[in-house]
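The following questions and answers examine a single protein chain. Each answer is to be read beside the sequence and the coordinates.

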Amino acid sequence: MLFETVVSGGCRSYLIGCEETCAAALIDPELSQADRYLALAARDGLRIKYLVDTHTHADHFSATQQLAKQLNVPVVMHGSSPAPFVDLRLQSGELLVVGKLRLQAMHTPGHTRDSMCLTVEDRVFTGDTLLIGATGRTDLPSGDASALYDSLFNGVLQLDAATKVFPAHEYKGRAHTTIGQELAENPRLQQRDRGAFIEMMANLNLTMPTHITEALRTNMTGGKTVAQMLAEAAAIVPFMSLAELKGCIETHRCDFLVLDVRERDAFMEGHIQGAQHLPRGQLELRVNQELPDPTRRILVYCEFGRVSTLATATLRQMGFKGAVALDGGMKAWREAGYPVVAG
Ligand SMILES: [Fe+2]
């Protein structure tokens, strides 16, 4: 078995490959590492056949959907996953065949309703059901402490004590542990009484993960993150620097239209000299009156440089092939001490 752990902050992803056939599965990939997984698979001569999420993640953005499109391979989750983009839904006991390897699913609800662990040879991928020295939390959507109690004590902890444990999160840099070690040392597993376990889980007082709303939205529906929307827009748009624009204005070389797409109040408070005002929210509605010449070069800016990137991409999609976004926004322009016109 070829085996690779990818660490991304506190998240862990695993690439498991069959040496004989070069088939591989990728477990819990994270969006920011999408290119790394492909590079690792290529380096090891592996072909990823399955993209597996052990559960609906609430704390990071899953890469399964994006990689599935790139690689044209199925996304695998447990049968109770709500995500519409899942191609293969496993039930407890079912196997994923990866070359000569057999990954067996075990439904382990509790952290989420759709949590599953996967066993292969000497190891188990526990997702957020069992962490090193901890368990997944049960206070996020579809979490259930009583179900986690069963999934642990009547499920994953029944595996052979020597089974290696590879969780989806690890914050202290430990590579893995074993079922036996966890039974002996994991503080949360010392409450063997169901009631006491549930009470302990209810009183952990954990802070909410950052990006929880966006992570659930994108991981449950297959929708895009805001960062993805911005990256896609930025990829089809050229940019102009603040200094270049300032130079053009100063030397009267400003042969293009400068378009301010912020709200009216912000424009009135201070804008770049000569700028035309057309709020992003009204761009599509007023484009035909305000921008009659589709061949015109248009430099778009906003407050921070993000909305202007989206607006520039929209303009280019509408045919304004001379649309350019300012690299930065009004905030950076002011901070640079460049001239601002009020009213
Ligand atoms: Fe999780």
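Q: What percentage of the 343 residues of the protein count as buried?
A: The model is a predicted one. A residue is taken as buried if 20 or more other C-beta atoms lie within 10 Å of its own C-beta atom. Of the 343 residues, the share that meets this criterion is 40%.

Q: How many helices and how many strands does the protein have, and what is its radius of gyration?
A: The protein contains 12 helices and 19 strands. For 343 residues the globule rule gives 20 Å, and the protein lies well over this value, so it is more spread out than a compact globule. Its C-alpha trace spans about 75 × 50 × 35 Å along the principal axes. The counts are 12 helices and 19 strands, and the radius of gyration is 26 Å.

Q: Which residues have the most contacts inside the largest nonpolar core?
A: The largest nonpolar core has 52 residues. One of its best-connected members, Leu26, is in contact with Ser13, Leu15, Tyr37, Ile48, Leu51 and Val52, when neighbours within four places in sequence are left aside. Apart from this core lies another, of 27 residues, which includes Ala233, Leu299, Leu326 and Met330. In the largest core, the residues with the most contacts are Ala24, Ala25, Leu26, Leu51 and Leu118.

Q: Is strand β3 largely enclosed or left open by the rest of the structure, and why?
A: Strand β3 covers residues 23–27, five positions in all, and its burial can be judged residue by residue. Because 4 of the 5 residues are buried, strand β3 is largely enclosed by the rest of the structure.

Q: Which strands pair with β3, and in which sense?
A: Strand β2 (residues 11–17) and β3 form a hairpin with 5 residues between them, and Cys22 in the turn has a positive phi of about 70°. Within this pair, Gly17 has Ala24 of β3 as its bridge partner. On the pairing with strand β4 (residues 47–52), which has 5 bridges, Ala23 stands opposite Arg47; the chain crosses from β3 to β4 through helix α1 (residues 34–43) in a right-handed β-α-β crossover. The partners are therefore β2, antiparallel over 4 bridges, and β4, parallel.

Q: Which strands stand at the edges of the open sheet of 5 strands, and why?
A: The sheet has the order β15-β19-β18-β16-β17, and the pairing is parallel. Each edge strand has a single partner strand, so one side of it is left without a neighbour in the sheet. The edge strands are β15 (239–241) and β17.

Q: Which residues of β17 and β18 are the bridge partners of Asp260?
A: Strand β16 (residues 257–260) is joined by 4 bridges to the parallel strand β18 (residues 298–301) and by 2 bridges to the parallel strand β17 (residues 276–277). Leu257 and Leu259 point one way from β16 and Val258 and Asp260 the other way, and all are buried. Val258 has Leu299 of β18 as its bridge partner. For Asp260, the partner in β17 is His277 and the partner in β18 is Tyr301.

Q: Which helix lies in the β-α-β unit with β16 and β17?
A: Strands β16 and β17 are parallel and are joined by 2 bridges. Together with a helix of residues 264–269 they make a right-handed β-α-β unit. That helix is α9.

Q: Is Thr309 buried or exposed, and why?
A: Thr309 belongs to helix α11 (residues 307–317). Neighbours within four places in sequence aside, Thr309 is in contact with Leu230, Ala233, Ala234, Val237 and Ala325. Because Thr309 has 26 C-beta neighbours inside 10 Å, it counts as buried.

Q: Which residues in loops, Glu121 and His252, count as partly exposed and which as exposed?
A: Glu121 is in the loop between β9 (116–120) and β10 (123–127), with a positive phi near 50°. His252, in the loop between α8 (242–250) and β16, has a positive phi near 55°. With 13 C-beta neighbours inside 10 Å, Glu121 counts as partly exposed; with 7, His252 counts as exposed.

Q: What residues does UniProt list for "domain: Rhodanese"?
A: The annotation comes from an unreviewed UniProt entry. Over the region concerned the chain is 34% helix and 16% strand, with the end C-alpha atoms 20 Å apart. The listed residues are 252–342.

Notes:
Residues numbered from 1 in each chain as written. Predicted model: local features only at pLDDT ≥ 70, side-chain atom pairs only at ≥ 80, totals over all residues. Buried ≥ 20, exposed ≤ 12 C-beta atoms within 10 Å, placed from the backbone. Contact = placed C-beta atoms within 7 Å. UniProt positions renumbered as here; feature names shortened; annotations may be inferred. Rg over C-alpha atoms; globule rule 2.2 N^0.38 Å. Core = buried A, V, L, I, M, F, W, Y, C linked by C-beta atoms within 7 Å. Pairing = 2+ DSSP bridges. Right-handed = clockwise from strand over helix to strand, strands pointing away.
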